[in-house]
Every structure is written in C-alpha cells, then in structure tokens.
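Subject: The structure we talked about

Hi there,

Here is the structure I promised to pass on to you. Please open it next to this email, and then read on for what turned up in it.

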Amino acid sequence: MEHNSISNVVATVYGGTGNIGAFLSSRLGIIASDLTYPVRDRFLFDDSLKDLRVHGSTGMVYVAHHTDFHDPNNLDRVNRHSDLVINLLGPRAWGSTNYEHFKEINMDIPRKIARSARRTGIKKFIHLSAVGADKHSDSLDFKTKAFGEELIRDELPEAIILRPTIVISRKDYFLRYWGDQMNNFRYFLPVYDKCTALKQPLIIDDFCEAIVNAIKLENIQGRTFEIGGPFQYTQKELIEIMMNAMNRNIKLYRFNKERAKWLAGMIPFDKFNREDIIKSGIDLTVRQENGEGNIHDLFVQPVCVAPFIRALFEKD
C-alpha cells in the first residue's frame with residue numbers, strides 16, 4: 001500500500017513529544033508530510049500529544065496511542081506504511097542513576113526500532129545520538145548512546161546517525177537548567193569545575209533544517225554527522241551570555257565535583273543530578289575524529305546562538 005503526500009515524505013517519528021520532536025514536526029508539517037507518531041500514552045488528553053496534530057496538515061497526522069516499544073508487532077504496525085523512520089527518543093529522567101533506564105531508551109528500544117525498519121523495508125532510517133557519545137564516558141547517557149549507535153549499525157548499516165551538540169530552543173533542557181539555577185540562587189551559582197569545558201551550541205531551527213536535508217539528500221546512507229553551531233564557547237561564557245540576557249550578576253561558587261556526584265547519587269532530583277554534573281565538564285564540540293560529516297555537509301549555514309539566547313530571555 002503506497003501513501004503519497006505533497007512533500008513525498010511518509011515518516012514514522014519516534015520521540016515526537018520531546019523538545020526536538022515538536023520543532024521537527026512543525027517543519028515537516030509545513031511541507032505537508034504524512035506523519036505517524038507512536039507514543040506510549042493511552043489517552044489523547046495531553047498537551048504534547050494535541051500539539052502534534054496541529055503541526056501537520058489536516059488528515060496527514062496519525063498518533064498511534066499506547067504503542068509498546070518492546071513489541072515487534074506494534075513497531076511493525078506503525079512502520080509498515082512509511083518510507084522513513086526518525087528516532088528522536090531520549091531519556092527524560094535525568095535524576096536517575098539507574099543504568100537500565102538509559103540502556104532501555106538509548107540501546108534496547110532503538111535496536112528494536114531498527115530491526116523493525118529492516119523487516120518492513122524502510123528506505124531511510126535517521127537516528128539521533130549525541131556528540132559526546134563515548135563508550136568510556138562516566139555519563140550513563142553518553143555511554144549508552146555510543147553502544148546504541150553500534151547496535152543500530154549492526155541492524156541497519158545504512159542508517160544515518162546525527163550527533164548534535166547542545167540544541168538551543170525555548171524549551172531545551174540546557175537553558176531551563178541554568179535559568180532555573182539563576183532564579184533559585186540569588187547570590188551565587190553552584191558550579192563543579194572551572195567552567196572551561198568547550199561547548200558548540202546551535203539553535204533548534206538549524207538542527208531541524210539539517211534533519212530535513214538529511215531526509216532529502218541521496219547518497220548519505222550509512223554516514224554519521226556531528227552537528228554543531230558556528231562558534232565554540234566555554235561553559236562560563238555561555239553562563240555569562242545568559243546572565244547578560246537576564247540582567248543578573250551572580251558569582252560562581254565552585255563545589256567539590258566528586259562530593260557533588262556522590263551526593264547527587266544519594267539524593268538526585270531534576271536540577272541536581274549526576275548526569276548534569278558530569279556533562280558540565282565534558283567538551284561538547286564537533287570533533288570529526290573518524291571522518292564524520294558536519295552540518296555544512298547537510299547544506300546548512302548555522303547562525304550564532306548568542307542573539308537567539310538573548311531574545312528568548314527577553315521574551316520571558
């Protein structure tokens with residue numbers, strides 16, 4: 001059974017309710033794509049699910065409720081009529097120190113989705129990883145993402161893997177984390193090192209444009225792309241950009257990193273957890289150590305994030 005749409009994009013998108021998924025859905029909806037969103041939620045009465053429907057053209061968005069991501073039959077059902085599968089799934093319980101949680105989202109489910117894509121004859125598979133993915137990383141997220149990439153390649157050697165750096169948007173975790181920290185602490189801001197780790201953030205519009213181009217481009221099957229912005233900043237410089245935008249002047253107070261990791265492991269919560277403490281000291285820049293492509297290979301010219309960050313905080 002052939003499905004046609006104005007853009008000729010007939011896709012199943014996993015993780016559509018996340019930060020990147022919401023913006024990508026809007027971009028795909030503008031070009032009248034035929035979209036299927038598998039979700040675990042049983043009922044429609046959720047704002048993130050209702051948003052998915054308005055992102056697409058009338059009658060061209062289907063939300064597959066109560067999808068069991070561990071059931072091959074469920075996965076085959078939502079993939080069967082698509083030409084393209086995009087996996088944007090990522091862990092949300094950042095406070096978790098449970099390896100199994102990260103393993104399920106970054107390794108087990110992506111492998112099952114890729115296996116289903118192979119069974120159902122999907123023409124193109126795009127998988128979202130991260131630029132910090134490393135099998136030897138202390139971060140459970142980055143470690144399991146690296147193993148997840150290998151599992152994807154085992155199932156689908158022709159899969160396209162995208163590794164973004166920090167993706168900046170109104171709803172992204174990075175800005176919300178530091179914005180909340182500045183609002184919660186009046187006179188000081190807790191950090192866990194000298195804030196010299198390099199970051200190469202890009203705005204959500206540029207990243208979604210890169211994904212759309214990856215959908216359209218031929219002859220990129222089996223490639224990996226590291227996607228970053230045009231400039232590198234230290235962690236301290238990014239914090240100062242946000243302080244300027246919020247018109248705040250808060251001193252950075254350095255806590256012992258190892259003690260903070262131990263304490264976060266004992267009493268983790270949303271804005272104080274082991275993952276954030278570890279990732280704050282990791283360079284998240286485009287490395288291309290093994291011949292990976294970059295954002296320019298996807299014909300996107302990224303813009304500077306500083307004016308974008310200032311505009312976001314000024315609106316708030």
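Let me start with one lysine. Lysine 261 counts as buried, because its relative accessibility is 16% and the cut-off for buried is under 20%. You will find lysine 261 in helix α9, which runs over residues 257–266. Leaving out residues up to four places away in sequence, lysine 261 touches Asp138, Ile277 and Ile278. Please keep in mind throughout that this is a predicted model.

**The whole chain**

Now step back and look at the overall picture. The chain has 11 helices and 14 strands. Its C-alpha atoms fill a box of roughly 60 × 45 × 35 Å along the principal axes. Is that what a compact globule would give? A better way to put it: what radius of gyration would a compact globule of 316 residues have, and what does the chain have? The expected value is near 20 Å, and the chain has 20 Å, so the two agree.

Of the 316 residues, 54% count as buried. Among contacts with a separation of 6 or more, 81% are between residues 24 or more positions apart. The surface that the chain exposes comes to about 15,100 Å², and carbon and sulfur atoms supply 50% of that area.

**Salt bridges**

How many salt bridges does a search of the whole structure find? The search gives 15. Three of them are good ones to look up in your viewer.

Begin with glutamate 155 and arginine 118, whose side chains meet in a salt bridge with 2.7 Å from N to O. This pair links distant parts of the chain: glutamate 155 sits in helix α5 (residues 140–155) and arginine 118 in helix α4, 37 residues apart. Are the two partners buried or partly exposed? Glutamate 155 is buried, because its relative accessible area is 12%. Arginine 118 counts as partly exposed, because its relative accessibility is 44%.

Next, look at lysine 279 and aspartate 141, which form a salt bridge whose closest N and O atoms are 2.7 Å apart. This pair also links distant parts of the chain, with lysine 279 in helix α10 (residues 274–279) and aspartate 141 in helix α5, 138 residues apart. Both lysine 279 and aspartate 141 are buried.

Then there is glutamate 292 with arginine 163, where the side chains meet in a salt bridge at 3.1 Å from N to O. Glutamate 292 lies in the loop between α10 and β14 (293–294), while arginine 163 is in strand β6; they are 129 residues apart, and the pair links distant parts of the chain. Glutamate 292 is buried, because its relative accessible area is 9%.

**More about arginine 163**

Arginine 163 deserves a second visit. Strand β6, where arginine 163 is found, covers residues 160–164. Arginine 163 is buried too, because its relative accessible area is 13%. Which residues is arginine 163 in contact with, leaving aside neighbours within four places in sequence? The answer is Ser129, Ala130, Val131, Glu149, Thr224, Phe225, Glu226, Ile227 and Glu292. Arginine 163 is also part of a network of salt bridges that links Glu149, Arg163, Glu226, Arg287 and Glu292.

**Helix α3**

Helix α3 spans residues 72–79, and Asn74, Leu75, Asp76, Val78 and Asn79 are buried in it. What covers these buried residues? The cover includes the strands β1 (10–14), β2 (34–38), β3 (61–64) and β4 (84–87), together with helix α4 (99–119). At the N-terminal end of α3, aspartate 71 acts as a cap, with a side-chain oxygen 3.0 Å from the backbone nitrogen of asparagine 73.

**A patch on the surface**

Finally, turn the model to find Tyr187, Phe188, Tyr253 and Phe255, which make a nonpolar surface patch of about 460 Å². Phenylalanine 188 belongs to strand β8, residues 188–191. Phenylalanine 188 counts as partly exposed, because its relative accessibility is 31%.

Happy exploring, and write back with any questions!

Best wishes

Notes:
Residues are numbered from 1 along each chain as its sequence is written. This is a predicted model: local features need pLDDT of at least 70, side-chain atom pairs count only at pLDDT 80 or more; totals for chains, interfaces and linings use all residues. Side-chain values use heavy atoms; hydrogens and water are left out. Buried means under 20% relative accessible area, exposed over 50%, partly exposed in between (1.4 Å probe, protein chains only). Helices (H or I, at least four residues) and strands (E, at least two) are DSSP runs, numbered from the N terminus. Contact means heavy atoms within 4.5 Å. A polar contact is a pair of N or O atoms within 3.5 Å; within protein, one must be able to donate a hydrogen and the other to accept it, and residues adjacent in sequence count only if both atoms are side-chain atoms. Patches are made of residues with over 30% relative accessible area and no salt bridge: like charges are joined within 9 Å, nonpolar side chains (Val, Leu, Ile, Met, Phe, Trp, Tyr) within 5 Å. Accessible areas come from the Shrake-Rupley method with a 1.4 Å probe; for residues, only the protein chains shown count as cover. A salt bridge is a side-chain nitrogen of Lys or Arg within 4 Å of a carboxyl oxygen of Asp or Glu. The radius of gyration is taken over C-alpha atoms; the globule rule is 2.2 Å times the number of residues to the power 0.38.
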